[in-house]
Amino acid sequence: MPPPPQIQGFAEAEAERRLSDEKVQEICEYILHREEALDRDLLRYGDPAGKDVLIFGGGYGNEVLWAMRRGARSIVSIDLSHVSAAPLKRAMAARGIDHPSFEFRQENVHETALRGETYDLIVSNGVFEHVLDLKGVLGAFRPLLRAKGRIAIFADGLWYSSIGGHLRGEPWEHLWRSPADVKAAHPDRWDYYCNQLNRMTIVDFLEAVRSTGLLVLQLNTGCDPALVQLPRRLPAIRERLDAVSPTDCSIVSIGCELCFAEHL
Ligand SMILES: C[S@@+](CC[C@H](N)C(=O)[O-])C[C@H]1O[C@@H](n2cnc3c(N)ncnc32)[C@H](O)[C@@H]1O
(Lines give C-alpha, C1' and ligand atoms only; values in the text may rest on other atoms or scores of the structure.)
Protein backbone atom coordinates (compact mmCIF):
# COMPACT_ATOMS: atom_id res chain seq x y z
CA MET A 1 0.00 0.00 0.00
CA PRO A 2 1.59 3.31 -0.98
CA PRO A 3 2.07 5.66 1.97
CA PRO A 4 -0.67 8.26 2.23
CA PRO A 5 0.20 11.88 2.87
CA GLN A 6 0.49 12.97 6.46
CA ILE A 7 -3.10 12.37 7.42
CA GLN A 8 -2.64 11.22 10.98
CA GLY A 9 -6.11 10.09 11.91
CA PHE A 10 -9.12 11.81 10.62
CA ALA A 11 -10.22 13.30 13.92
CA GLU A 12 -7.00 15.25 14.10
CA ALA A 13 -7.16 16.45 10.52
CA GLU A 14 -10.77 17.49 11.03
CA ALA A 15 -10.27 19.17 14.37
CA GLU A 16 -10.62 22.57 12.79
CA ARG A 17 -13.60 21.27 10.79
CA ARG A 18 -12.77 23.76 8.04
CA LEU A 19 -9.94 22.48 5.95
CA SER A 20 -7.61 24.91 4.23
CA ASP A 21 -7.65 24.85 0.46
CA GLU A 22 -4.19 23.33 0.54
CA LYS A 23 -5.34 20.52 2.83
CA VAL A 24 -8.41 19.86 0.67
CA GLN A 25 -6.09 19.54 -2.34
CA GLU A 26 -3.71 17.23 -0.45
CA ILE A 27 -6.52 14.92 0.62
CA CYS A 28 -8.12 15.09 -2.83
CA GLU A 29 -4.86 13.83 -4.34
CA TYR A 30 -4.71 11.08 -1.71
CA ILE A 31 -8.25 9.99 -2.62
CA LEU A 32 -7.47 9.96 -6.36
CA HIS A 33 -4.30 7.98 -5.77
CA ARG A 34 -5.85 5.40 -3.43
CA GLU A 35 -9.02 4.99 -5.47
CA GLU A 36 -7.07 3.75 -8.48
CA ALA A 37 -5.72 0.78 -6.51
CA LEU A 38 -9.19 -0.50 -5.68
CA ASP A 39 -9.81 -2.07 -9.08
CA ARG A 40 -6.85 -4.29 -8.27
CA ASP A 41 -7.49 -4.81 -4.53
CA LEU A 42 -11.28 -4.93 -4.15
CA LEU A 43 -13.13 -5.40 -7.41
CA ARG A 44 -12.76 -9.19 -7.52
CA TYR A 45 -14.38 -9.44 -4.06
CA GLY A 46 -17.34 -7.18 -4.80
CA ASP A 47 -18.49 -5.23 -7.85
CA PRO A 48 -20.52 -2.15 -6.84
CA ALA A 49 -22.29 -1.86 -10.22
CA GLY A 50 -26.03 -1.28 -9.76
CA LYS A 51 -25.84 -1.95 -6.00
CA ASP A 52 -26.68 -0.17 -2.78
CA VAL A 53 -23.27 -0.06 -1.14
CA LEU A 54 -22.22 0.51 2.47
CA ILE A 55 -18.59 1.53 2.95
CA PHE A 56 -17.31 0.51 6.37
CA GLY A 57 -14.55 2.86 7.61
CA GLY A 58 -14.67 5.02 4.50
CA GLY A 59 -12.40 7.80 5.77
CA TYR A 60 -12.15 10.62 3.26
CA GLY A 61 -13.94 8.68 0.56
CA ASN A 62 -11.53 6.66 -1.59
CA GLU A 63 -13.97 3.77 -1.71
CA VAL A 64 -16.90 6.14 -2.28
CA LEU A 65 -15.24 7.54 -5.40
CA TRP A 66 -14.41 4.03 -6.55
CA ALA A 67 -18.00 2.82 -6.01
CA MET A 68 -19.27 5.85 -7.96
CA ARG A 69 -16.91 5.19 -10.83
CA ARG A 70 -17.95 1.54 -10.75
CA GLY A 71 -21.64 2.42 -11.08
CA ALA A 72 -23.07 1.91 -7.58
CA ARG A 73 -26.75 2.84 -7.27
CA SER A 74 -26.35 4.42 -3.84
CA ILE A 75 -23.44 4.78 -1.42
CA VAL A 76 -23.35 5.34 2.33
CA SER A 77 -19.93 5.72 3.92
CA ILE A 78 -19.63 5.37 7.69
CA ASP A 79 -16.65 6.29 9.82
CA LEU A 80 -16.02 6.86 13.52
CA SER A 81 -14.56 10.26 12.67
CA HIS A 82 -16.23 13.30 11.25
CA VAL A 83 -15.24 13.57 7.61
CA SER A 84 -15.46 16.63 5.40
CA ALA A 85 -16.86 15.92 1.94
CA ALA A 86 -14.88 18.80 0.38
CA PRO A 87 -11.87 16.71 -0.76
CA LEU A 88 -14.14 14.02 -2.21
CA LYS A 89 -16.19 16.61 -4.09
CA ARG A 90 -12.99 17.99 -5.57
CA ALA A 91 -11.87 14.47 -6.52
CA MET A 92 -15.26 13.85 -8.15
CA ALA A 93 -14.86 17.03 -10.17
CA ALA A 94 -11.34 15.98 -11.19
CA ARG A 95 -12.72 12.69 -12.51
CA GLY A 96 -15.82 14.28 -14.03
CA ILE A 97 -18.06 12.19 -11.79
CA ASP A 98 -21.42 13.35 -10.51
CA HIS A 99 -23.46 11.02 -8.30
CA PRO A 100 -27.00 11.63 -7.09
CA SER A 101 -26.90 9.39 -4.04
CA PHE A 102 -24.02 9.32 -1.59
CA GLU A 103 -23.79 10.11 2.07
CA PHE A 104 -21.04 10.46 4.68
CA ARG A 105 -22.03 9.53 8.21
CA GLN A 106 -20.05 9.79 11.42
CA GLU A 107 -21.33 6.57 12.86
CA ASN A 108 -20.14 3.33 14.42
CA VAL A 109 -21.26 0.27 12.43
CA HIS A 110 -23.14 -0.91 15.53
CA GLU A 111 -25.38 2.17 15.18
CA THR A 112 -25.83 1.55 11.47
CA ALA A 113 -26.91 -2.01 12.25
CA LEU A 114 -29.83 -0.66 14.33
CA ARG A 115 -31.25 1.52 11.56
CA GLY A 116 -33.14 -1.22 9.74
CA GLU A 117 -31.35 -0.45 6.47
CA THR A 118 -30.08 -3.17 4.17
CA TYR A 119 -27.45 -3.18 1.44
CA ASP A 120 -26.32 -5.35 -1.45
CA LEU A 121 -22.63 -4.91 -0.71
CA ILE A 122 -20.51 -3.91 2.27
CA VAL A 123 -17.04 -2.73 1.29
CA SER A 124 -14.10 -2.37 3.63
CA ASN A 125 -10.62 -1.30 2.58
CA GLY A 126 -7.72 -0.70 4.95
CA VAL A 127 -9.89 -0.99 8.06
CA PHE A 128 -9.76 -4.52 9.48
CA GLU A 129 -6.11 -4.23 10.54
CA HIS A 130 -7.36 -1.42 12.83
CA VAL A 131 -10.60 -2.87 14.18
CA LEU A 132 -10.28 -3.97 17.82
CA ASP A 133 -13.52 -5.92 18.01
CA LEU A 134 -13.33 -8.14 14.94
CA LYS A 135 -16.19 -10.45 15.90
CA GLY A 136 -18.42 -7.59 16.98
CA VAL A 137 -17.96 -5.73 13.70
CA LEU A 138 -18.45 -8.80 11.51
CA GLY A 139 -21.58 -9.67 13.50
CA ALA A 140 -22.92 -6.13 13.01
CA PHE A 141 -22.79 -6.68 9.24
CA ARG A 142 -25.45 -9.41 9.44
CA PRO A 143 -28.63 -7.26 9.73
CA LEU A 144 -27.20 -4.82 7.18
CA LEU A 145 -27.26 -7.28 4.29
CA ARG A 146 -30.20 -8.32 2.15
CA ALA A 147 -30.68 -11.46 0.03
CA LYS A 148 -27.57 -12.03 -2.15
CA GLY A 149 -25.73 -9.52 0.05
CA ARG A 150 -21.95 -9.75 0.08
CA ILE A 151 -18.99 -8.40 2.06
CA ALA A 152 -15.80 -7.37 0.25
CA ILE A 153 -12.77 -6.86 2.49
CA PHE A 154 -9.21 -5.86 1.74
CA ALA A 155 -6.87 -5.36 4.71
CA ASP A 156 -3.26 -4.41 4.08
CA GLY A 157 -0.22 -4.00 6.33
CA LEU A 158 -1.03 -6.84 8.74
CA TRP A 159 0.90 -6.47 11.99
CA TYR A 160 3.63 -9.07 11.40
CA SER A 161 4.30 -7.95 7.84
CA SER A 162 7.23 -5.72 6.94
CA ILE A 163 4.96 -2.64 6.99
CA GLY A 164 2.79 -3.80 9.91
CA GLY A 165 3.91 -1.03 12.27
CA HIS A 166 2.69 1.59 9.76
CA LEU A 167 5.93 3.47 10.51
CA ARG A 168 7.03 4.03 6.92
CA GLY A 169 10.52 3.04 8.03
CA GLU A 170 12.62 -0.06 7.54
CA PRO A 171 11.06 -3.50 6.95
CA TRP A 172 9.77 -5.16 10.15
CA GLU A 173 11.20 -2.27 12.16
CA HIS A 174 8.31 -2.45 14.65
CA LEU A 175 9.32 -6.02 15.47
CA TRP A 176 13.11 -5.75 15.76
CA ARG A 177 13.15 -2.32 17.45
CA SER A 178 12.03 -1.97 21.06
CA PRO A 179 8.95 0.21 21.66
CA ALA A 180 11.20 2.90 23.20
CA ASP A 181 13.32 2.96 20.05
CA VAL A 182 10.23 3.03 17.85
CA LYS A 183 8.94 6.05 19.77
CA ALA A 184 12.29 7.83 19.50
CA ALA A 185 12.67 7.08 15.80
CA HIS A 186 9.05 7.85 14.81
CA PRO A 187 7.52 10.29 17.30
CA ASP A 188 4.92 11.35 14.71
CA ARG A 189 3.72 7.74 14.28
CA TRP A 190 3.78 6.73 17.94
CA ASP A 191 0.12 7.40 18.72
CA TYR A 192 -0.97 5.54 15.60
CA TYR A 193 1.38 2.66 16.43
CA CYS A 194 0.02 2.39 19.99
CA ASN A 195 -3.68 3.02 19.51
CA GLN A 196 -4.78 2.27 15.98
CA LEU A 197 -3.39 -1.15 15.08
CA ASN A 198 -5.00 -4.37 16.25
CA ARG A 199 -1.93 -6.59 15.67
CA MET A 200 -4.05 -9.34 14.14
CA THR A 201 -2.69 -12.28 12.19
CA ILE A 202 -4.54 -13.98 9.38
CA VAL A 203 -5.51 -16.67 11.88
CA ASP A 204 -7.08 -14.06 14.20
CA PHE A 205 -9.08 -12.76 11.27
CA LEU A 206 -10.23 -16.20 10.16
CA GLU A 207 -11.16 -17.15 13.72
CA ALA A 208 -13.41 -14.08 13.88
CA VAL A 209 -14.93 -14.96 10.49
CA ARG A 210 -15.48 -18.53 11.66
CA SER A 211 -17.01 -17.62 14.99
CA THR A 212 -19.38 -15.22 13.21
CA GLY A 213 -20.50 -18.12 11.02
CA LEU A 214 -19.67 -16.37 7.75
CA LEU A 215 -19.25 -18.26 4.50
CA VAL A 216 -15.96 -17.70 2.71
CA LEU A 217 -16.57 -17.32 -1.02
CA GLN A 218 -13.07 -16.10 -1.85
CA LEU A 219 -9.92 -15.69 0.21
CA ASN A 220 -6.50 -14.53 -0.90
CA THR A 221 -3.37 -13.48 0.88
CA GLY A 222 -0.77 -11.05 -0.39
CA CYS A 223 2.88 -12.05 -0.10
CA ASP A 224 5.03 -9.51 1.69
CA PRO A 225 6.96 -7.49 -0.91
CA ALA A 226 10.07 -7.42 1.34
CA LEU A 227 10.04 -11.19 1.97
CA VAL A 228 13.49 -11.73 0.50
CA GLN A 229 14.88 -9.66 3.40
CA LEU A 230 13.14 -11.70 6.09
CA PRO A 231 15.91 -14.29 6.71
CA ARG A 232 18.33 -11.44 7.43
CA ARG A 233 15.85 -9.74 9.80
CA LEU A 234 14.61 -12.82 11.65
CA PRO A 235 17.44 -13.15 14.21
CA ALA A 236 16.93 -9.56 15.43
CA ILE A 237 13.14 -10.04 15.47
CA ARG A 238 13.48 -13.28 17.46
CA GLU A 239 15.80 -11.62 19.93
CA ARG A 240 12.87 -9.48 20.98
CA LEU A 241 9.92 -11.75 20.19
CA ASP A 242 10.85 -15.40 20.21
CA ALA A 243 7.34 -16.63 19.34
CA VAL A 244 7.04 -14.73 16.06
CA SER A 245 6.06 -17.04 13.22
CA PRO A 246 7.73 -16.52 9.85
CA THR A 247 4.38 -17.53 8.37
CA ASP A 248 2.77 -14.38 9.77
CA CYS A 249 5.75 -12.31 8.63
CA SER A 250 5.18 -13.49 5.06
CA ILE A 251 1.58 -12.26 4.71
CA VAL A 252 1.05 -8.56 4.05
CA SER A 253 -2.65 -8.50 3.15
CA ILE A 254 -5.94 -10.35 3.19
CA GLY A 255 -8.64 -10.01 0.57
CA CYS A 256 -11.92 -11.86 0.76
CA GLU A 257 -15.55 -12.13 -0.26
CA LEU A 258 -17.86 -13.24 2.55
CA CYS A 259 -21.57 -13.74 3.06
CA PHE A 260 -24.04 -15.15 5.56
CA ALA A 261 -25.78 -18.43 4.78
CA GLU A 262 -29.24 -16.85 4.83
CA HIS A 263 -28.21 -14.36 2.11
CA LEU A 264 -26.61 -16.86 -0.23
C1 LIG B 1 -6.98 3.57 8.19
S2 LIG B 1 -8.57 4.27 8.03
C3 LIG B 1 -8.97 3.80 6.37
C4 LIG B 1 -9.89 4.78 5.72
C5 LIG B 1 -10.14 4.53 4.22
N6 LIG B 1 -10.82 3.28 4.00
C7 LIG B 1 -8.83 4.60 3.47
O8 LIG B 1 -8.36 3.55 2.97
O9 LIG B 1 -8.26 5.69 3.36
C10 LIG B 1 -9.63 3.20 9.01
C11 LIG B 1 -10.96 3.86 9.32
O12 LIG B 1 -11.87 2.90 9.88
C13 LIG B 1 -12.72 3.59 10.77
N14 LIG B 1 -13.35 2.62 11.69
C15 LIG B 1 -12.73 1.73 12.50
N16 LIG B 1 -13.64 1.05 13.22
C17 LIG B 1 -14.88 1.51 12.84
C18 LIG B 1 -16.23 1.20 13.24
N19 LIG B 1 -16.49 0.29 14.18
N20 LIG B 1 -17.26 1.86 12.63
C21 LIG B 1 -16.99 2.80 11.68
N22 LIG B 1 -15.74 3.13 11.27
C23 LIG B 1 -14.69 2.50 11.85
C24 LIG B 1 -11.77 4.56 11.47
O25 LIG B 1 -12.45 5.67 12.02
C26 LIG B 1 -10.83 4.99 10.33
O27 LIG B 1 -11.21 6.19 9.73
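A polar side-chain atom of Asn62 sits 2.8 Å from an oxygen atom of the ligand. The structure is a predicted model, in which local features need pLDDT of at least 70, side-chain atom pairs count only at pLDDT 80 or more, and totals for chains, interfaces and linings use all residues. Residues are numbered from 1 along each chain as its sequence is written, and side-chain values use heavy atoms, with hydrogens and water left out.

Asp79 also approaches the ligand. One of its polar side-chain atoms is 2.6 Å from a ligand oxygen atom. For Arg34, an N or O atom of the side chain lies 2.9 Å from an oxygen atom of the ligand. The ligand exposes 600 Å² when taken alone, and the protein buries 88% of that area. Accessible areas were computed by the Shrake-Rupley method with a 1.4 Å probe; for residues, only the protein chains shown count as cover. Two elements, α2 (21-36) and α4 (62-69), give two or more residues to the shell around the ligand. Helices (H or I, at least four residues) and strands (E, at least two) are DSSP runs, numbered from the N terminus.

The ligand is surrounded by 19 residues. A residue is near the ligand if one of its heavy atoms lies within 4 Å of it. The closest are Tyr30, Gly57, Asn62, Asp79 and Asn125. By class, the shell comprises seven nonpolar, eight polar and four charged residues. Here Ala, Val, Leu, Ile, Met, Phe, Trp, Tyr, Cys and Pro count as nonpolar; Asp, Glu, Lys and Arg count as charged; the others, Gly among them, count as polar.

Aromatic pairs were examined next. A pair of aromatic rings is described by the distance of the centres and the angle of the planes. Rings of Phe, Tyr and Trp (its six-membered ring) pair if their centres lie within 6.5 Å; planes under 30 degrees apart count as stacked, over 60 as edge-to-face and the rest as tilted. Seven aromatic pairs result from this rule. The ring centres of Phe128 and Phe205 are 5.8 Å apart and their planes meet at 80°, so this pair is edge-to-face. The pair links distant parts of the chain, with the two positions 77 residues apart in numbering. Phe128 belongs to the loop between β4 (119-125) and α7 (134-141), whereas Phe205 belongs to helix α11 (residues 202-212). Both Phe128 and Phe205 are buried. Buried means under 20% relative accessible area, exposed over 50%, and partly exposed in between (1.4 Å probe, protein chains only). Together with Phe56 and Phe141, Phe128 and Phe205 form one aromatic cluster.

Trp190 and Tyr193 form a stacked pair, at 5.3 Å centre to centre and 20° between the planes. These two residues are about one helical turn apart, because they are three residues apart in helix α10 (residues 190-195). Their accessibilities were also computed. Trp190 is partly exposed, at 22% relative accessibility. Tyr193 is buried, at 4% relative accessible area.

Backbone geometry was considered at two positions. Lys148 has a positive phi, near 70°, and is a residue other than glycine. Lys148 lies in strand β5 (residues 145-156). Its relative accessible area is 60%, so Lys148 is exposed. Trp172 is not a glycine either, yet its phi is positive, at about 55°. Trp172 is located in the loop between β5 and α8 (173-176). With 0% relative accessibility, Trp172 counts as buried.

Strand β3 (residues 102-106) contains Arg105. Arg105 is buried, because its relative accessible area is 10%. Its side chain makes a polar contact of 2.8 Å with the side chain of Glu117. A polar contact is a pair of N or O atoms within 3.5 Å; within protein, one must be able to donate a hydrogen and the other to accept it, and residues adjacent in sequence count only if both atoms are side-chain atoms. Pro100 is found in the loop between α5 (86-95) and β3. Pro100 is exposed, with a relative accessible area of 81%. The C-alpha atoms of Pro100 and Arg73 are 8.8 Å apart, while the two residues are 27 residues apart along the chain.

Cysteines complete the description. The structure holds zero disulfides, a disulfide being a pair of cysteine sulfur atoms within 2.5 Å. Cys249 is in no disulfide, and the nearest cysteine sulfur, that of Cys223, is 12 Å away. Cys249 is buried, with a relative accessible area of 0%. Cys28 also counts as buried, at 2% relative accessibility.
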